[in-house]
Amino acid sequence: AFCRGRIVRVPKGPLIRVVGTEVVIPCSVSDYDGPSEQNFDWEFSREADFVRIVSTWDSTFTSEEYQKRVGRGDIKLRRSSNDAVELVIRNIQPADQGRYKCSTPSTDATVQGNYDAEVQVKVISDGLSVSGSKGRSSTPLRLSEGDSFRLRCSAVTTSPEHTHLHVTWQIKSGSAWRDILSLTHEGKFQPGASYEERYRNGDIRLDTGANDTYRLSVSQASSADGGAYRCLVSEWVRGADGSWQRIQEKSVEVASVSIQRTGECYRWAGNVSVTERDSLDLTCNITTDRSGIFQAEVMWYFSASPDDTLSDAQLLLSMDRDSVVSDSTLISLSHVDRNSYRLLVRDVDVEDSGYYFCEAAIWVPLHNGSWHKVVERTSAPVSVVVTALEPDYDVFLNASKTPKFSDDPTELNCRITNVQDTEANLRFTVSWYYRQRLRSDDVVTDELLATMDADWTLLLGDRSRERIQNGEIIFSKKSVDTFSLRIQWTSEGDRGDYFCVISAWSRHRNNSWVKRKDVTSAPVNVFWATQDYTLTVEAVKLKPFFVAGHTFEMTCKVSSKNIKTPRYSVLITAEKPLTDQSNPNGTTRIISLNQDSVVRLEDWTDQTRVDGVVLEKVQENEFRYRMYQTQISDAGLYRCVVTAWSPGGGGMWREAVNGLSNPIQIDFQTSG
């Protein structure tokens, strides 16, 4: 059977602690009934009987022996959770060595498990001693960047227990101490968070020496290495449960280190302006207070922004400490004198505008023949502006075809003239614009018809997109210096001002194209006077008198004005007397002839006289209507309805105007 009950736990003893230190003994309870927050009582025994120390729930629990220490706060309880507390004893003394018992009053329905637990505390003497170099607490050091330095501290323990030391070198350049490098109580080296790379490179070392010394070695000192240094030593012991426990900690400030700047890398201040295709000449000057043998390593960088970091910038050229220069076609780097390095960029382009800066490192030889980098500096950037060589040319726009009527073609030619100082890598493109003319003072925006990009790809504007795709508007390049715009069928909506913009493009070294200049032509106005269309139709009866059964014949003569090359369609209508029940509307469409001379019977329904009506074109402006074997039912007023058509776009016909002739009457009662 398995019995479940309350369990009270304290650490496995003995707990070894150093006299004068603070001791914390945790106690927890689990598997209990009742409220979640449990109470705890602590008691102490040197040999036999337990003496009450402190309680979480009974203020009268403390015995007289401990009342002063509890009242001063030297002994107190610190609750860490509802089911756990810590007994805290400050400045523990040898008299505090003994057994400590943690008890929990029962809140269970039945008594099961253990309600208290004990732990043995052993208080040992303080045998840890920590001192700085030569016994002094702090030594001031003044160094130059790139120098090396060493700091020493001594740490020894005479503890009767088998303890281990954990030594950490720390620096304080602000308000907080930061770890540099540690030799842990387990014999492992552990660099601080910001010193891992320098530790791997060997620039930060920790060595042990005779007389229990611990030596910190720093190579290639930088400004970040300036500050106060201390040696922090903690003493550790392995507990009964096998875990490591820190039993005390001491420190000593060893040195105050200041790092002086040892060199500068600079170039002249201000901006530099250079014309395209010329050479850019910059010098990087290095100053240093170092004497003796040293070599410089120089690198030139370019960035688009003055705020770019070194990792964002582009490395142009470098010279190592042996004066070996990296390869480049248009850029050279030369060693002018001991401290000056010249960057020469030939045949500069507009894209070379930006910010240039140099970085220099000073190397010194070591005794073993190797070289050591002592300092590295970066100059402030210099702003370089490359002024483009602007091409010089004029633009002339003229109309080779202008419309006189609607649907006439329009052709405009945009010519590049007076071209001077052009280069082989120059290219011209065109953009076409339309501007509507208004009689008022309203501002009219320019509408883009089409534009060419640098590779001569045509980009269409919204106004003309559909008409261009339908072939109604054509853009072309007639010759090297002439671009053409042709409107196949100009409408009244196309009237207005047209102008072209010629763009000059220059090709960079990376084969990309950059626009250098735009020149706009004077506008050309496309306009023609419009007059109202007029159409006159005259009907004439050829035989003044006839009787039923004879042929009725009449002609329609048409005249028009202001219509370009008109054609006519003709419809013959008859207005019957109101007594005619066959057509209650009064008007009958008999026969028609369209502008292409195609004849069609309209409402002629007399099957016995299918061929009894004829409409034909006598001349361009004259049409004749015949009706054979007339009947009494044919009586009425006859007219010619004429529509004038003019040629439209794409070979289509556009209706211009309609006209109605005078009536011709057939009245058999008055016929002779």
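**Contacts, disulfides and backbone features of the chain**

Apart from neighbours within four places in sequence, Lys-172 is in contact with Trp-177, Gly-227 and Ala-228. The model in which these contacts occur is predicted. Lys-172 belongs to strand S13, which covers residues 164-172. Its relative accessibility is 28%, so Lys-172 counts as partly exposed, the limits of that class being 20% and 50%. A further pairing in space concerns Asp-225: the C-alpha atoms of Lys-172 and Asp-225 are separated by 9.5 Å, while the two residues are 53 positions apart along the chain.

The overall form of the chain was examined next. The secondary structure comprises three helices and 49 strands. The radius of gyration of the chain is 55 Å, whereas a compact globule of 672 residues would have a value near 26 Å. The C-alpha trace spans about 165 × 90 × 45 Å along its principal axes. Of the 672 residues, 43% are buried. Among contacts with a separation of 6 or more, 61% are between residues 24 or more positions apart. The accessible surface of the chain amounts to about 35500 Å², and carbon and sulfur atoms contribute 46% of this surface. The chain carries 77 positive and 91 negative charges, and the mean positions of the two sets are 2 Å apart.

Five disulfides are found in a search of the whole structure. When bonded cysteines are counted along the chain, the disulfides follow the pattern 1-2, 3-4, 5-6, 7-8, 9-10. Three of these links are described here, including that between Cys-27 and Cys-102.

The sulfur atoms of Cys-27 and Cys-102 are 2.0 Å apart in their disulfide. This pair links distant parts of the chain, with Cys-27 in strand S3 (residues 23-30), Cys-102 in strand S8 (residues 98-103), and the two positions 75 residues apart in sequence. The torsion about the S-S bond is about -85 degrees, and the disulfide is therefore left-handed. Both ends of the link fall under the 20% limit for burial: Cys-27 is buried at a relative accessible area of 3%, and Cys-102 is buried at 0%.

A disulfide also joins Cys-153 to Cys-231, with an S to S distance of 2.1 Å. Cys-153 is located in strand S12 (residues 149-157) and Cys-231 in strand S18 (residues 227-238), so this pair ties together parts of the chain that are 78 residues apart in sequence. Cys-153 and Cys-231 are both buried.

The disulfide between Cys-284 and Cys-358 has an S to S distance of 2.1 Å. Here too the pair links distant parts of the chain: Cys-284 lies in strand S22 (residues 280-288) and Cys-358 in strand S27 (residues 354-365), 74 residues apart. The angle about the S-S bond is 75 degrees, and the link of Cys-284 and Cys-358 is right-handed. This contrasts with the left-handed disulfide of Cys-27 and Cys-102. Cys-284 has a relative accessibility of 0% and counts as buried; Cys-358 is likewise buried, with a relative accessible area of 0%.

Backbone geometry was also considered. The peptide bond joining Gly-13 and Pro-14 is cis, with omega at about 0 degrees. Pro-14 is placed in the loop between strand S1 (7-9) and strand S2 (15-18).

Positive phi angles occur at Asn-418 and at Thr-565. Asn-418 is not a glycine, yet its phi is about 50 degrees. Asn-418 is part of strand S31, which runs over residues 410-420. The relative accessible area of Asn-418 is 51%, so this residue is exposed, the class beginning over 50%. Thr-565, also not a glycine, has a phi of about 35 degrees. Thr-565 is found in a loop, between strand S41 (552-561) and strand S42 (567-575). At a relative accessibility of 51%, Thr-565 counts as exposed.

Definitions and conventions. Residues are numbered from 1 along each chain as its sequence is written. This is a predicted model: local features need pLDDT of at least 70, side-chain atom pairs count only at pLDDT 80 or more; totals for chains, interfaces and linings use all residues. Side-chain values use heavy atoms; hydrogens and water are left out. A disulfide is a pair of cysteine sulfur atoms within 2.5 Å. Helices (H or I, at least four residues) and strands (E, at least two) are DSSP runs, numbered from the N terminus. Buried means under 20% relative accessible area, exposed over 50%, partly exposed in between (1.4 Å probe, protein chains only). The radius of gyration is taken over C-alpha atoms; the globule rule is 2.2 Å times the number of residues to the power 0.38. Contact means heavy atoms within 4.5 Å. Accessible areas come from the Shrake-Rupley method with a 1.4 Å probe; for residues, only the protein chains shown count as cover. Lys and Arg count as positive and Asp and Glu as negative; His and the chain ends are not counted. The place of a charge is taken as NZ of Lys, CZ of Arg, CG of Asp or CD of Glu.
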